[in-house]
Amino acid sequence: MSVAVVVGMQWGDEGKGKIIDLFSEEADVIARYAGGHNAGHTIVFDGNQHILHLIPSGIFHSGKLCVIGNGVVIDPAALIHEMDLLKKANIDLDDRLVISDRANIILPYHGTFDKGRENSNHFEKIGTTGRGIGPSYADKIARAGIRACDYRNEKYLKKKFESNYQEKNTIFKDLYGKELPSCESMFDELMDYQETILKYIGDTHVLLRDEIEQKKNVLCEGAQGTMLDVDHGTYPFVTSSNSTSGGASTGLGIPPTQIDRVVGVIKAYTTRVGEGPFPTELHDGDGERLRDEGREFGSTTGRPRRCGWFDAVVARYSICLNGIDAIAITKLDVLDRFNTLRVCTGYKYKGKVYEEMPADLDILENGEPIYTQFEGWNQSTVKVEKFDQLPDNAKQYIDGLQNILGVGFLMISTGPERNQTIRQGTLF
Ligand code: GDP
Ligand code: IMO
Ligand code: MG
């Protein structure tokens, strides 16, 4: 085994940060393949919490190479801020962090457009993170983006920025009746980051190819989750990139034939931030308890996360789409004080039962979840490190899920800290 993808199976925030940090022990390279600083990956060790937005979750393991791939959109200010925080925590980044010179840059006006859209009555509200992710990917696809490598050619960069700016400013004035900040000020801001970006960029496709040739273990780090994938998620309530495992190939330049395995990360229940359908969402005391016990507030924006029961339709769809061969399940401990647990196995809509994920959002919004019940265990599982030591009903819940999904659990997480984990196998 040398290339593994770790992917979120729900609507993001599954605990990828914790799991990838643990798997990084076995990896030589950790490479982020999609998204931007809309992501928030939390890693907790020695009582300290670190939240990463762009830098791969392997960064706390000294000596491991961390790559930000071409599929990621980079806000240079956010990246530099994150780098500064890590340096303050005595994490060495030099010769360990490489950013793809093909990655697109989030420009100062992308955030303005993102927030403008969200706050206007013209468009459906998505509940984005307001970080300019959608407008930046839109420009990438429209071939109007600026890439990290453009920092090498200031004259070209200026020309491209100025023509883009003219177009954006015209649209902005038309839509919102006001002008963007001046072209000069926005360009100057972009140039403030030139030195740092140039220091860290490289041809990451070649670097990864060489590492793979040398039989090194490469962990491809997903951001967001399967249901937020722009093609396969609950469109339009999605992010603007391919968060599914296929995105690892395009977002890093690793051919599909070289990916050896895909591991999914899933919560023992479901959460979602932002707008969009969520069939198993709870609007009662159980939902509130999940939010309180699970501390379900966004790592990036601090927004309360919507909470609900485990959705096996989502999980099976995710297994199939991503080619998942093993799962890391997180936050089992959050269910410790429930009398009854529910798992959705299908949606009933206009008399028909759907067991496959429908494209039609009306089915997800108005369908009635069909539930299987499990008994709770009313006992703490925090810090349990062996499956046998789990309460019987917790074992039954875990076994029940594995049966419904047909895929085994490689890790069962029972708390945010590294050692609060049941490990049942290795990644590579
Ligand atoms: P990511 O975006 O998938 O990396 O997930 P986030 O970091 O946004 O959100 C997951 C949250 O759950 C973080 O606050 C983690 O510290 C926390 N967490 C991860 N695993 C567990 C677990 O097993 N139990 C509990 N209680 N918290 C966990
Ligand atoms: P991690 O990697 C949870 C959601 C936003 C919004 C939608 C579009 O931490 O799991 P965007 O700013 O991307 O245009 O917003 O996607 N979203 C996430 N939700 N976890 C994330 O990342 C997310 N990244 C984006 O809340 O609903
Ligand atoms: Mg997150």
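This report walks through the two ligand sites and the cysteines of a predicted model.

## Ligand 2 and its pocket

Let's start with ligand 2, which occupies the largest pocket. It has 20 residues around it, and the nearest are Asp 13, Lys 16, His 41, Thr 129 and Thr 239. Sorted by class, this shell is made up of 10 polar, 7 nonpolar and 3 charged residues.

The backbone does some of the polar contacting here. Asp 13 puts a backbone N or O atom 2.8 Å from an oxygen atom of ligand 2. Gln 224 has a polar backbone atom at 2.8 Å from a ligand 2 oxygen, and for Gly 127 the distance from a polar backbone atom to an oxygen of ligand 2 is 3.4 Å. As for cover, ligand 2 on its own has 550 Å² of accessible area, and the protein covers 97% of that.

## Ligand 1 and its pocket

Now for ligand 1, which is found in the second largest pocket. Its surroundings come to 19 residues, with Lys 16, Thr 42, Ser 299, Asp 333 and Ser 413 the closest. If Lys 16 rings a bell, that's fair: Lys 16 is also listed among the nearest residues of ligand 2.

Which parts of the protein make polar contacts with ligand 1? A polar backbone atom of Lys 16 is 2.7 Å from an oxygen atom of the ligand, and a polar backbone atom of Gly 40 is 2.8 Å from a ligand 1 oxygen. Asp 333 brings in its side chain: an N or O atom there lies 2.8 Å from a nitrogen atom of ligand 1. Taken alone, ligand 1 has 580 Å² of accessible area, of which the protein covers 92%.

## Cysteines

How many disulfides does the model have? The count is 0. As a quick reminder, a disulfide is a covalent bond joining the sulfur atoms of two cysteines.

Take Cys 66, which is not part of any disulfide: its nearest cysteine sulfur belongs to Cys 220 and is 13 Å away. A pair of cysteine sulfurs has to be within 2.5 Å to be called a disulfide, so Cys 66 doesn't qualify at 13 Å. Is Cys 66 buried or exposed? Cys 66 is buried, with a relative accessible area of 0%.

Cys 344 is in no disulfide either, and the nearest cysteine sulfur, from Cys 307, is 16 Å off. Cys 344 also counts as buried, at 0% relative accessibility.

Key
Residues are numbered from 1 along each chain as its sequence is written. Chains are lettered from A and ligands numbered from 1 in the order in which they are written. This is a predicted model: local features need pLDDT of at least 70, side-chain atom pairs count only at pLDDT 80 or more; totals for chains, interfaces and linings use all residues. Side-chain values use heavy atoms; hydrogens and water are left out. A residue is near a molecule or strand if one of its heavy atoms lies within 4 Å of it. A polar contact is a pair of N or O atoms within 3.5 Å; within protein, one must be able to donate a hydrogen and the other to accept it, and residues adjacent in sequence count only if both atoms are side-chain atoms. Accessible areas come from the Shrake-Rupley method with a 1.4 Å probe; for residues, only the protein chains shown count as cover. On a 1 Å grid over the protein atoms alone, a cavity is a set of points where a 1.4 Å probe fits but cannot get out, and a pocket is an open set with protein on both sides within 12 Å along at least five of seven lines; lining residues have an atom within 4 Å of a point. A molecule sits in a cavity or pocket if more than half of its atoms lie within 2 Å of its grid points. Ala, Val, Leu, Ile, Met, Phe, Trp, Tyr, Cys and Pro count as nonpolar, Asp, Glu, Lys and Arg as charged, and the others, Gly among them, as polar. Buried means under 20% relative accessible area, exposed over 50%, partly exposed in between (1.4 Å probe, protein chains only).
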